[in-house]
There are 2 protein chains.
Amino acid sequence: MEKKSFKYLEVHPDKIVERGYHPDRHQVSESLFSLQNEYSGVRGYFDEGISNTESLRAMYLNGIYDYSREILNTGYRGIAKRTHFMINTVDIFKISIVVDSEKLDLNHIKFKDFIRELSFLTGLYTRAFTWELNNGKNIKIKISRLLSMSSVQNAIQMIELQSDQIAKVELSMTIDNNLKQWGEQGYLQTENVDIDNGILVSKTTFTNQKIWTKMSVTGPVKANSRQANAAGFTDYYDLTLDAGQPVTFTRFVTTLTSREYKSSIDAYQHIEEINNFAVNYGFTNFLAQNHKFYDDLLKQSDIEIEGNDEDLQGIRYCSFMLNSTYHGYNQMNNLGAKGLTGEAYSGHAFWDSETYCLPFFLFNNLKAAKDLILYRYHTLGAAKARARDLDCRGACFPIATLNGEEGCTLWQHASLQFQPSTGVSYALFHYFNITNDLKFIKEYGLELLKEINQFLLDRGQFNQDQTKFGYYGVMGPDEFKMMVNHNMYTNIMAKFSFDFMLEMLEKIKTDEDNEIIRKKLAISDQFIADLKDRSEKMHILFDDKTKLFEQNEGFYNLPHIDIRRIPREEFPLYSHWTYDRIYRGDMIKQPDVLMFLFLLNSRFSHDVKQANYEFYEPKTIHESSLSPSIHSIFASELGKHQEAINFFGYASRLDLDDYNNNTKEGIHLTSMAAAWMNIVYGFGGFRSDGKIFSIAPTIPHRWKSYTFKLTINERLISVKIDHQNVAVSLSGSGLKLRIYDKEILLEDYYECRTRKN
Amino acid sequence: MEKKSFKYLEVHPDKIVERGYHPDRHQVSESLFSLQNEYSGVRGYFDEGISNTESLRAMYLNGIYDYSREILNTGYRGIAKRTHFMINTVDIFKISIVVDSEKLDLNHIKFKDFIRELSFLTGLYTRAFTWELNNGKNIKIKISRLLSMSSVQNAIQMIELQSDQIAKVELSMTIDNNLKQWGEQGYLQTENVDIDNGILVSKTTFTNQKIWTKMSVTGPVKANSRQANAAGFTDYYDLTLDAGQPVTFTRFVTTLTSREYKSSIDAYQHIEEINNFAVNYGFTNFLAQNHKFYDDLLKQSDIEIEGNDEDLQGIRYCSFMLNSTYHGYNQMNNLGAKGLTGEAYSGHAFWDSETYCLPFFLFNNLKAAKDLILYRYHTLGAAKARARDLDCRGACFPIATLNGEEGCTLWQHASLQFQPSTGVSYALFHYFNITNDLKFIKEYGLELLKEINQFLLDRGQFNQDQTKFGYYGVMGPDEFKMMVNHNMYTNIMAKFSFDFMLEMLEKIKTDEDNEIIRKKLAISDQFIADLKDRSEKMHILFDDKTKLFEQNEGFYNLPHIDIRRIPREEFPLYSHWTYDRIYRGDMIKQPDVLMFLFLLNSRFSHDVKQANYEFYEPKTIHESSLSPSIHSIFASELGKHQEAINFFGYASRLDLDDYNNNTKEGIHLTSMAAAWMNIVYGFGGFRSDGKIFSIAPTIPHRWKSYTFKLTINERLISVKIDHQNVAVSLSGSGLKLRIYDKEILLEDYYECRTRKN
C-alpha cells in the first residue's frame, strides 16, 4: 500500500528544522521535537501554551507509572485485570510572557521568522521568533531546552528576550502537576508544595511513587513573588527591556524520584545539591557535556550517506533518538514503543526491545545492550508470577510492560504470545555470539534460560501419538492469526531457546562452578533430557520440495485475501473491520516465518529464504511499522534491490514524514532501530548470528556512498560503500569477517569491489 | 465425573416438600420453590425475611431488563460494548409479623413443624410452621403464594395465623423497590408512590421501562395506616388473635408494565380493574383456575413412571417448571437459562430455546412452540443490525439476549458462534416437519431463512482453490475450541439451513404467491444459485472408512487430555484453569458432532452414530448441564443401556438434588427440557426429524413402566412401556408411525413386545 508523506521540515544532516510555524503539524512537532535523556522525556510543546490548538503537553519520567482506575471484570484465570502505564508527570517548562499587556500566544499574536530546531549533535532544542506587538514593537524571543545527558536529573530552559524598543515584560515560570493523561484526569497528586525551597512533591495515585521537583532561575532580576496553588507554584518576574538589549532567564529544574531516593530526607538533601550543581555548572557547560556525549556515541555509530540528504537526516534522527532514549543509565529502564515521547502503547516495552532494538546497542553501546538484557533479569520475579498465572512453572515475560508485570489486558495477546520470552533467549544468544562473555551467561543468562525454558517446556504439548511437540493455541508475531497451533516462529524459537541453553550448559560443563550453577538453578538431568527431547521432537512444518515453512498448522488452507484489493480507506483494519474478520484469511500483519529466518539467518539456505519471502511477502500488509525494514533486509539479500529501496522508503523517515499519520502520538522508537538495521543488515548485508560475522553490501542507486560503523568486541569497524568499492577499516586487533562470499582476517583495512545491484 | 447430590426434599409424585427447615439449603430452596407464570417469577424467599442468612430475594418480570452501568472500553468493531440483563424488580410479598413484641425471624425464634410445599398440580406454594413464642404461646403460621396462570398480572399471598392463646399481632405488608441486583445496587427507580391508591410506579434506569404495582388486602381488620418511603409503601395492621381462632389476610398484587401499557393513564385505568377483579375473584377461584391450567397441559404431556418415585418427581418438576415459565403468553418472551428464578445468565435466552426447549413445546403446547419461533421473527431487526456489526448482510441471531440485541460482551462467543442462527432454521424445519404448516413458512419462515442464510453466505469463506466452502474462525457448540476452521456443527447446520430453504422454495414454486414472496424477500436467482453452490461445496470432514466426522479441521492433531485424570477439585475448569488452557486439547465441553447427529438423526446411519459416539463421548466432560441428556439419548439408541441410565441420572433431578452445586443461582430451565427429551427421545426412542415419526422404546431396569404423551398434529399419542409390552394409544385420525423397525398406520391402539435392554 502506498503511504502518504507530510513533509514540512527542512532537510539538514545534523538537525531537524521547522521554519515558519505549521499549526496543522502542531502535535507532530511536539513529538518530533521531544527531548529525551532516558531519565525523562519532554515533548516539544510550547512552553507558554497555545490556545485553541490540540496539544499533548507532556513530560514523562522513565519508570514512573500508575495502575489504571478501571479493573477488568472477568472471572477467568490468567487474564490481567488491570493495566499499568507511563504517566504524564510534572510540567517543568511552563511559562507565561506578557509584554506591554499583550499576552504571548502564537494562536493570537502576530509573529515572524519562526524557527524551531533540534540538534542531533547536542540535543539542544531551540524555538525562536519575532513577536510583532500590536503597539508596533518587535520582541525577539528564543526559548531553548536541554535535558542533560551527564546529569540526567537536570533540565535547563533558557528564555532570551530582546526588544527593538523599550518594553515592559511580565514573565512567570511555573512548576505544576496539571498535566493530563490522554487528555483526561492525570494520575499525579500533590503531596506538598514547598514554597520556601521551590520544591513540588508529587505522588502517583496507586503505585505511591514520589517525585520531587525543584527549580532555580538565574536572570537579570529576581522573582518578585512566588505563589502556590494545589498543583504547584509559580515565580513572577517584572522587568523592562531596553531597546536592543538582550536579557536571558535560565531555569534549572531538578527532578528526583522515589525509584532512586527512597526517603524524603534523602531526596531533599540531594535535590538541593544537584540543583545547586546545575546552577553553578551553567547552561554552556551542560551544552558542551551533551555535545561530548553524542559525539562519543557518534564516533562509533554514526551513519553517513552521500547523495541523499533526506535519507541521511532520517537515519541520523533515528540514531539520535535511540541514543537519547536509552543508553544504559538504569537497568530498570527499557525502551517503550514510543520512547518517552507519547502515551500511545502506555510507554510499554514489547518484544521489540530484544528483537529490533538490541542490535543497535550491541554494536554501538554494549553497556546499554547488557543493561537491556538485565532489565529482564531484574523483572524475573514478575515473569515467574505470570507463568504461574498461566498454569506453568518457569518464567513468561510479558507482552507489554513497564514494571515487569503483564500490562496487556487483552488475553488473546497476553496469554498466547511468547515472543517476549523467546526474545530474551535470543538476546542472550546474540550478546554471547558477539562477546563470548561466558561470565554474563553464568551470572544471569543461565538463570533466565532456565526459567524461560521451564515455561516453554510446560506450555508446550505433544500431539496425539506423542511424537511431535509444539505450541497449541498461540499467536505468533503475525497477530492476524489467533489461537493457532504450531506457529512456526513460536516452535522454532522455542527449539532455539532449548538448544542454546543446552549449548551453554555444554560450554560450562568443565568449569569448576558447573555443579554449583546447576544446583543453584535446579537444572536436573531430567530437565536437560526434556530440553533435548522437546527440541528433537519439535514439530517443524517444512516442506523439502517447496522449501516453505507453513506459518502454522492449516495456514495453507486459509481463505485467500487479496490484500491489493482492500480499499485504502479500510486501513487501519482494526478500526474498519469487525474484530474477528482480520483473523480469517492468509493475510499477514508482519513477518512471522520471515522473522525467524531473519533472526537465525545463517542457519537457512538462500533457497529457503527466497521461497518463503516470495510466498509470504505478497500476503503481508505491514500493519506494524516494524515490518517493512525486515522485508527490505530480505529483499537486499535476495537481490531484489528495487523492493529493498521501496521498503526502506518508509523506514528512516517514518516519523519525520509522518507516513503512518500518527506521529503526533509520539515517535516510533522501535521502528527507528529497525531503520538502523535496514541500512546495516539490509544494504550493508551485515549478519551477526553466525559463527563468523559477515557483510555483503549493496548500495541504493540514489546514494553516492554510505558508511556505517560497528563495534565488535571492542574493535571498531567502519564500512564505506560506494558504487565501486567496499572499504572496511578496523581499529583494534584482527577480526575474522566474511565479505560477500570471501572469508578474510581483517587487520586494519580491506577493500573489494561492490556487488552490483 | 461422579457428581455429588444434596438430597433433602421429600419424594412425592406431585409436589416438592421440604419438611423441617434446612438453613444450609436456604438459597437452593429459594430457587426450587420459585413460582413462575411466564409473566413473572418470584423466588421462594421468606416473605418476612431472615437475618444473617444469604438470600436472593427476587421477583422478576419477563422482559423487564436494563443495560449495564459498565460500558466496555474497546476500540474493536463488532464487539458488544454493553450487556443487558433481566433485573430484580418489586418486592411484592414483603411482610413483617410481630406477636407480643416478638419479631418473626426464623433465624432467631423457636419454631417446629416447618413444612414447605410446591404443588405441580396448581403452582400453589405454602410454607407453614408453628412459632413457639418466648412467652409460651404457640402461633401456627401458614403463608401461601400463587401466581395466577390465567390472569398473569395477579399474584396472591395468603397469610393464616392461629394462636393457642390470645395474642397481639402487628402485621405489616410492604410493596417496595428495594431488591438488589446480584446483591448490589438495583436498577429500579421510584417514579411515584401513590399512597392513596396503593400503587407504586417504578422505572428502570436506562431502558425507561415502567412498572405499576398495586396491592389490595382482604382480612379481618383494615389497615390502621399506610406509610410511604422513597422505595414504596407499607400497610400496618394491629389485631388480637383469639385462642384457637384462625385469621386470614389475603393480599392481591397486580403488576403491569410498559411492555403492555404504553401510557400511565392506560395503566392506571387497567390496574384498578384487574386488581378489583382479583379481589372479587378470590383465592379459591384462582387456585381452581391454576389447577385447570396445569391439568389441561398434563392431559397431553404428563409423564408417568412406575417403580421409581424420585425419577417421577424429577421429571414432573421439570414439566411443571417448563409449563410455568413459558406457555405462549407473549411472543416477545423467551426462556432464559434459569427461567425467572435467578440472575445467573442474566435471564438471557440462548440457542437452547430452539435446540433443547422447542421439542417439549412442539409436542405439548404447539401454540407456545410457534410463539417461541416468532420471538426470533420479532427480533429480526436486532439480528440484522448485529449482522451489520459483523460486516455481513442478513441476520445473525445473538448468542445471549433478552431484547434481541447481542447481550454477550465476550467477543469470542458473540462473534464466533452461529448456533443461534442455524438453530432458528432448525426450529422452522422441526415445526414444519410436524405441522406441514406452509402458511407459517410463507408468512414468517422464509423471511427468517432468507436473512439467516444471507448472513451464512456472507460469513462463510472459500478455501484457497475455491473448491470448499465453510466457516473459519468460529466456535461451535463445543466452547472448548475457539477460532477453529470448519467446525462440523457450524458447516453442517449451515448446509442444512441452505438446503431447507431451497426445499421450502421448491415447495412454494407453484403457489400463486411465489413471485410475491420472492420479490418481497428479495430472493434473487443469484441468491438461490449461491445457496445451492455453497451447499454443494460445503466442506464436510468425514472419513468413509472410520465413519468419523472430524469436529473441526485439525481436531485429530490436538493434544490428548485424559479427562478422567483431571482432579475433581479442578472443576469447574473455567475457575481453576488459566483461560486459554481449556482450548488446547481434544477435551470437549458438550456435544458438537453428536449434536448435529442428534438433530438430523434420521440422515445418519447407525454406524456413523456409533463411531462418533464412541470417539467423542470419552473426550466430553459435560461442563454444560445440557450435555448428559444428549449422550443418554445416543446411548439408548446404540444399545448402551447402562450408560443411558448413568447419563440420565443427573438430568431430571439436576436441581432437586443440586448436582451442579449451583441451584441456588436459579433452576436449570433448559436442562429440564433436555431431561424431557432424555425420556421421550432417549428411553422412548422417539424421533421427529425424519419423514415419518418413530419410536423405539427401551425401559430402565429400575422402572416398572413409564408413559409419555405426544401431540402430533392434533392427535394425542400416549405410549406406555413396561418390561413386556409397548402400548401405543391414539386419539384422533390415523398416523403413520415407525415402531422399532416396523412402519405402521396407527389407528387407535397398537401393542408390541418391548425390546430388551
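Two residues are in contact if their C-beta atoms, placed from the backbone, lie within 7 Å. This is a predicted model, in which local features need pLDDT of at least 70 and side-chain atom pairs count only at pLDDT 80 or more, while totals for chains, interfaces and linings use all residues. Residues are numbered from 1 along each chain as its sequence is written, and chains are lettered from A in the order in which they are written.

**View 1. The interface between chains A and B.** Because 100% of the interface residues of chain B are also interface residues in chain A, the copies meet through the same surface.

**View 2. The relation between the two copies.** A turn of 179° with a shift of 0.0 Å along the axis lays chain B on chain A with an RMSD of 0.1 Å, the superposition being by least squares on the C-alpha atoms of residues with pLDDT of at least 70 in both. The two copies are thus related as by a two-fold rotation axis. In chain B, the C-alpha nearest the axis belongs to Met483(B), 3.2 Å from it.

**View 3. Helix H16 of chain B.** Helices are DSSP runs (H or I, at least four residues), numbered from the N terminus. In H16 (residues 627–637) of chain B, 11 of the 11 residues are buried, so the helix is largely enclosed by the rest of the structure; a buried residue has 20 or more other C-beta atoms within 10 Å of its own, with C-beta atoms placed from the backbone. The buried residues of H16(B) pack against helices H14 (593–599), H15 (606–616), H17 (641–651) and H18 (669–683) of chain B. Gly639(B), whose phi is positive, near 80°, follows H16(B).

Notes
Buried ≥ 20, exposed ≤ 12 C-beta atoms within 10 Å, placed from the backbone. Helix = DSSP H or I, 4+ residues; strand = E, 2+ residues; numbered from the N terminus.
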